[in-house]
Amino acid sequence: MPSSYTPRRIVSLQPSATVVLAAVGELDRVVACTKYCADVVPEITSRPRIILADSWTANAEQIIATQPDLVIAAVPYQEKAVIEILKSGARFLGLAPKTLADIYTDIATIAGMVGVSGRGEAAIAGMQQHVERVRARTAGLPRPRVFCEEWGKPLIASQAWVAELVEAAGGEFVGAPGRQISAEHVAGMDPEVVIAAWCGAGDRVPLEKIVSERNWQGTRATGAARVYCIRDEYLNTPAPTLLRGLDALAFAIHPERFAMTEGIRQITPVRSSTAVDIPL
């Protein structure tokens, strides 16, 4: 694609898009982004950029003021936010991935739009190879039951791409990805590993509190102190950032095979009359 046809002024309202643009070496095209983009791409702050409302609360006047030729956001969120983006008059790319395959497609799409399809293909290949290396290391190992949550109130299971990463890391994802579930239902499934990665919470999920409030003291995960918080952006940002989440999952699920990584925190062992330690 001739460079004259590619967008030069991109507004990124979605952290995953910012990660992808950084991965393909085109971060300089981003003239405005959200505060959440800086959480996953710290280098975005290396030069002044306008900070805008995110995909949930987009504002047409803010977007127009940046004079973009492309806005990238995530949908579906609030309908009125999408309307605000459309009102800006800029070209609009809306992302709504559910699976790893969707994420690879999004990477290829963004890379193609900025004229660097080859770099996009390289980024995709790098992700796929990393996933397969982890999968190969867990082949033949026991597959503990793993519950992952992306939100605590209401309790919502992590997305389908997280379920795929759990499987690659040698676990069995329990529950329906992306669906609300009751604490009682989770307890009834008796997961052997629990992962909390709440959207927007970073690494601040109160593990001891949620176990206590949900009466999960009797689960195998709690009895073995295998309840973890993984940084939000490592599992909830559908981009190459997920590889950090995969490595953290691999440690949580098979600590005998994988080293501890940054971005994961383990619960302080909980003891009660109902807690039982069961060898895994």
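User: How should I read contact order here: what share of the contacts between residues at least 6 apart in sequence join residues at least 24 apart?

Analyst: Start by setting aside pairs that are close along the sequence, then ask how far apart the remaining partners are. In this predicted model, 62% of the contacts between residues at least 6 apart join residues at least 24 apart in the protein chain.

User: Which secondary structure elements does the protein chain have, and how many?

Analyst: There are 12 helices and 11 strands in the protein chain. The radius of gyration is 20 Å, close to the 19 Å from the globule rule for 280 residues, so the protein chain is as compact as a globular protein of that length. The C-alpha trace spans about 65 × 35 × 30 Å along its principal axes.

User: What do burial and surface add to this?

Analyst: Burial is read from relative accessible area, with under 20% as the cut-off. Of the 280 residues, 52% are buried. The accessible surface is about 12600 Å², and carbon and sulfur atoms account for 53% of that area.

User: What is the strand order in the open sheet of five strands?

Analyst: Read the order across the sheet, not along the sequence. Here the order is β3-β2-β1-β4-β5, and the pairing is parallel. β3 (50–51) and β5 (92–95) are the edge strands, each pairing on one side only.

User: How many bridges join strand β1 and strand β2?

Analyst: Three bridges join β1 (residues 10–12) to β2 (residues 30–33) in the parallel sense. As for register, Ser 12 stands opposite Cys 33 in β2.

User: How far apart do the centres of the positive and negative side chains lie?

Analyst: The centres of the 28 positive and 30 negative side chains lie 2 Å apart.

Methods: Residues numbered from 1 in each chain as written. Predicted model: local features only at pLDDT ≥ 70, side-chain atom pairs only at ≥ 80, totals over all residues. Heavy atoms only, no water. Helix = DSSP H or I, 4+ residues; strand = E, 2+ residues; numbered from the N terminus. Rg over C-alpha atoms; globule rule 2.2 N^0.38 Å. Buried < 20%, exposed > 50% of the residue type's maximum accessible area, 1.4 Å probe, protein only. Contact = heavy atoms within 4.5 Å. Areas by Shrake-Rupley, 256 points an atom, 1.4 Å probe, with all protein chains shown as cover. Lys, Arg positive; Asp, Glu negative; His and termini not counted. Charge placed at Lys NZ, Arg CZ, Asp CG, Glu CD. Pairing = 2+ DSSP bridges.
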